Amino acid sequence: MRSRSTRSVVLLTTAGLLLGAAGCTGTAPPVTRATLTKASADTITVVTQRDAAERALRASRALFASAPGAVLAPADDAPAIRKAASAARTAHVPVLLVDDERRRAVAAELRRLDASWYQTVGTVHIDTSVEKRAASEETDDADAPRASRSVTVVMAEATEDAAVSATAKAAGATVVTMPEGVTDPAAAPEVVRALHEHEESPTVLVGRAFVKLGDPRWTVRAAEGGWQLPHGGQRPFDGHRYVAMYGAPGAPALGVLGEQDPAASVTRVRDLATTYDGLTDEPVTPAFELIATVAAGDAGADGDYSTELPVSTLEPYVDAAHDAGMPVIIDLQPGRSDFLSQAKRYESLLERPGVWLALDPEWRLGPDQVPLRQIGTVSAAEVNEVSAWLADLVRSEDLPPKALVLHQFRLSMIQDRSSLQAHPELDMLVHVDGQGSQPDKQATWKALHVGAPAGIHWGWKNFYDEDTPMLSPSETMSQVTPTPSLVTYQ
């Protein structure tokens, strides 16, 4: 587990990013190398201004201490910006974009940089005492700025921010671009990899898409840890589907996961997951859903009608799954206890990447209820207490996002479901785990979708013995719509 650290986040409310150095024509003053703004490895700069000109300007302010020159282009002229980007990379200087609103700001930035020249591409008008010259094509890498550490720049849209991208590359920064349509770095394998490989570098996030990041510090720190799902990325249900076996260690009656030891369970669930190959456009990952607390017919010494398995009993399964690159879902059946108290028992397991949490309200009983005599219920308020605690654990320990699974086969099982609170650190999934005839199961599936909170993912359970009949993999993928993100076998 990584140690906790404090990392500063620079929110450039009118801002951007980057670094650079210079070259100039033969008649210009002698070449002066640019200097870079000093930033610690723990610094994260977020650049989310509404237009590219502002982002480019603030990029220069954020990462240049000085530069001998700059290349200027009209903010609304894409061909000119591309040419300016090429010239700036050659000269190791920043690109600044000019429009009517920013003439004075660009002139002020040239003065702040202590620039002795600027080159224009396209029609640009500014008021400055800095001399207009052309950047030399004879520059050398020796003229590039030097820094104790490079900067990692994550671009939400490289084409839209061509000026910033060019400035970054001119300065020798590591530049990585988000995949098209993806706005969460945790869901971008190449971005996670780059941040992990350069975890000792400052980080800059550039683009409007990053406005929605609730906690940039956590996002970057989690990626720097390097853990990824088998098919890449850290976000549980973004581009991933899972086939899981359900059960408790050494208890075959509770599910197939308890029918064999951890190593054999890994082999069995892998084989099960391969039966879904080719049935979905998204990669299918095997997983465990491991019952940690088992609802019991006897009150037990603590009177809560729930048997809490020791962490040491669960660890062999968690270790085997981790070694196989598989996620594990820790399942809670609290009886007369509460979900938060039980979840905290397994904090040491939940501190691991790839260990997620499931709440089973069927077994959340009132003070006079007994398992198998009544169907339990949980309030949205209690679920929210658990989700807030789990999200805080993820954030404080710099963990990748986790899944929070809520079992449900009756609307009454989760009271006031519309009040469930979302957290960027968690992907929430409703697991529809009713058993019996397929018409009844489909009716339950459809009923639970009505009025469900936005952003919820969905799971389906296949019962080997209780379903009449149990769906085949192809039937599960074709007949259950929308297609479930998690299919569990019991």
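This is a conversation between two colleagues about a predicted protein model.

Colleague: Before we start, what are the ground rules for this model?

Modeller: It is a predicted model, where local features need pLDDT of at least 70, side-chain atom pairs count only at pLDDT 80 or more, and totals for chains, interfaces and linings use all residues. Residues are numbered from 1 along each chain as its sequence is written, and side-chain values use heavy atoms, with hydrogens and water left out.

Colleague: Happy with that. How many helices and strands does the protein have, and what counts as one?

Modeller: The protein comes to 13 helices and 22 strands. Both are DSSP runs numbered from the N terminus: helices are H or I with at least four residues, and strands are E with at least two. Along the principal axes, the C-alpha atoms fill a box of roughly 90 × 40 × 40 Å.

Colleague: What makes a residue buried, and what share of the protein is buried?

Modeller: Buried means under 20% relative accessible area, exposed means over 50%, and partly exposed is in between, using a 1.4 Å probe and protein chains only. Of the 490 residues in the protein, 57% are buried.

Colleague: Why is helix 6 described as largely enclosed?

Modeller: Nine of the nine residues of helix 6 (residues 216-224) are buried, so the helix is largely enclosed by the rest of the structure. Among these buried residues are P216, W218, R221 and E224. Just after helix 6, G226 takes a positive phi of about 90°.

Colleague: And why is strand 13 described that way?

Modeller: Twelve of the twelve residues of strand 13 (residues 284-295) are buried, so that strand is largely enclosed by the rest of the structure too.

Colleague: How do you know that strand 12 and strand 13 pair?

Modeller: Two strands pair if DSSP finds at least two bridges between them. Seven bridges join strand 12 (residues 241-247) to strand 13, and the two run parallel. With seven set against that cut-off, they count as paired. G247 stands opposite L290 in strand 13.

Colleague: Which strands are the edges of the sheet with the order 6-5-7-8, and what makes them edges?

Modeller: That is an open sheet of four strands with parallel pairing. Strand 6 (95-98) and strand 8 (131-132) are the edge strands, since each pairs on one side only. Strand 5 (residues 69-74) meets strand 6 over four bridges in the parallel sense, and A73 stands opposite L97 in strand 6.

Colleague: On to the helix packing. Why is helix 7 called oblique to helix 8?

Modeller: The axes of helix 7 (residues 262-274) and helix 8 (residues 311-323) come within 9 Å and cross at roughly 45°. Axes are lines fitted to C-alpha atoms, for helices over the stretch in contact, and angles run from 0 to 180 degrees between N-to-C directions. Under 35 degrees counts as roughly parallel, over 145 as roughly antiparallel, 65 to 115 as roughly perpendicular and the rest as oblique. The crossing angle therefore makes helix 7 oblique to helix 8.

Colleague: Which residues make that contact, and what is their character?

Modeller: With contact meaning heavy atoms within 4.5 Å, P262, S265 and V266 of helix 7 meet P316, Y317, A320 and A321 of helix 8. These divide into six nonpolar, one polar and no charged. Here Ala, Val, Leu, Ile, Met, Phe, Trp, Tyr, Cys and Pro count as nonpolar, Asp, Glu, Lys and Arg as charged, and the others, Gly among them, as polar.

Colleague: Now the backbone. What makes Y305 and D416 worth a look?

Modeller: Y305 has a positive phi of about 55° although it is not a glycine, and D416, also other than glycine, has a positive phi near 60°. Y305 lies in the loop between strand 13 and strand 14 (306-308), while D416 lies in the loop between strand 19 (414-415) and strand 20 (426-432).

Colleague: Are those two buried or partly exposed?

Modeller: Y305 has a relative accessible area of 13%, so it is buried. D416 is at 48%, so it counts as partly exposed.

Colleague: Where are the cis peptide bonds before P469 and P482?

Modeller: The bond from T468 to P469 is cis, with omega near -5°, and P469 sits in the loop between strand 21 (457-462) and helix 13 (473-479). Another cis bond joins T481 and P482, with omega about -5°; P482 is in the loop between helix 13 and strand 22 (486-489).
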